[in-house]
Structure formats: structure tokens, C-alpha cells
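Me: I am new to this structure and would like a close look at a single part of it. Please take me through that part carefully, and show how it fits with what lies around it.

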Amino acid sequence: MGLASLYVPFLLLKARKFALLYSLGSLFLVSSFSMLWGPVNHLKHLFSVSRLPFTLSYFGTMIGTLYFALAMQSTPLTVVCAFAQIVALFWYISSYIPGGQTGLKFFTKVFSSVVTKTVTRTLPV
């Protein structure tokens, strides 16, 4: 955790560079699954009906991140796409852990209920 905290200024000051490096690392992660399972089997698995929402969201956010970082050079849009890419990657990894998606849904419900209770108590709306 100590070494990872050294990248916080890099993330804040050079968000586009971080997004490019993160996208490259994410591509390597997905490629490693392809090397483990075989490229054809992994592509069939990624484009199966159950995985198609993940595949479209993940690769869509990766392409969006790269487009906004390289072509448009827009830092705010790059950060938005990079955050969406992080969420999609977390979803991908948790789906391979037995009970991962059930746990993710449970913790999402718990988090949203805590946030809702806190906001309703704090804000007089």
C-alpha cells in the first residue's frame, strides 16, 4: 500500500498518463486470461450471452478512455471513462470468484442503504 500511495500525485496531476498506463495494464490482465484458457476459448467465453454485457461495457470504456486521452486530450472525460473502466474490471474479476457477484450485490445493497440513511439524516430535504 505504501508504494501504491506514491502514485496519487501522478493520478491527480497527470490523469491522462495514468489512464493510458491503466488501460494498458487492464489489457494485459485480460490477455493473461486469454493465454491461460487459449485465445479462441477465451474469445468465445467473452462473447457468450452471459458475458456480453461485461464485454461491451469493459471494452467500450477502455476504448473511450483511450479516445479521450489520446485523440481529444480531455482530462475530465478521461477520468470519467477510467473510473467506469475500474468498475467494469472489478465486476469482471468478482464474477470469476465463486459467489463474487452475489457478494458484490450484497455489499452494494449495504453501501447504498448506509449512504441513503446518512443522507436522509444529514440533509434536511
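Reply: A place to begin is L21, which is found in helix α2, in what is a predicted model. With a relative accessible area of 54%, above the 50% cut-off, L21 counts as exposed. The C-alpha atoms of L21 and L66 are separated by 10.0 Å, although the two residues are 45 residues apart along the chain. L66 falls within helix α4, which covers residues 52-71, and this helix is the part to look at closely.

Consider the length of α4 to start with. Its 20 residues, at 1.5 Å a residue, should span 28 Å, and because the C-alpha atoms at its ends are 27 Å apart, the model agrees with that expectation. After α4 comes Q73, whose phi is positive, near 55 degrees.

The next matter is which residues of α4 are covered. Those that are buried are F54, T55, Y58, T61, M62, G64, T65, F68 and A69, and the buried residues of the helix pack against three others, namely α2 (15-37), α3 (39-46) and α5 (75-96). T55, which lies in α4, has a relative accessibility of 2%, and since buried means under 20%, T55 is counted as buried. Once its neighbours within four places in sequence are left aside, T55 is in contact with L46, F47 and G60. M62, when residues up to four places away in sequence are not counted, touches S23, S26, L27 and Q85.

Some of these residues also belong to a wider group. The largest nonpolar core has eight residues, and V30, L46, F54, Y58, M62, A88, L89 and Y92 are its members; the elements that give two or more residues to this core are α4 and α5. In soluble globular proteins, nonpolar side chains tend to be buried together.

Aromatic rings add a further layer to the picture. F54 and Y58, both members of the core, are linked with F59 into a cluster by ring pairs. Across the whole structure, a search finds five aromatic pairs. One of the pairs in the structure is formed by F106 and F107, with 5.3 Å from centre to centre and 70 degrees between the planes, an edge-to-face arrangement. F106 has a relative accessible area of 49% and is therefore partly exposed, whereas F107, at 57% relative accessibility, counts as exposed. That pair contrasts with F54 and Y58 of α4, which are buried.

Notes: Residues numbered from 1 in each chain as written. Predicted model: local features only at pLDDT ≥ 70, side-chain atom pairs only at ≥ 80, totals over all residues. Heavy atoms only, no water. Helix = DSSP H or I, 4+ residues; strand = E, 2+ residues; numbered from the N terminus. Expected span 1.5 Å × (residues − 1). Buried < 20%, exposed > 50% of the residue type's maximum accessible area, 1.4 Å probe, protein only. Contact = heavy atoms within 4.5 Å. Phe/Tyr/Trp six-rings, centres within 6.5 Å; stacked < 30°, edge-to-face > 60°. Core = buried A, V, L, I, M, F, W, Y, C linked by side-chain atoms within 4.5 Å.
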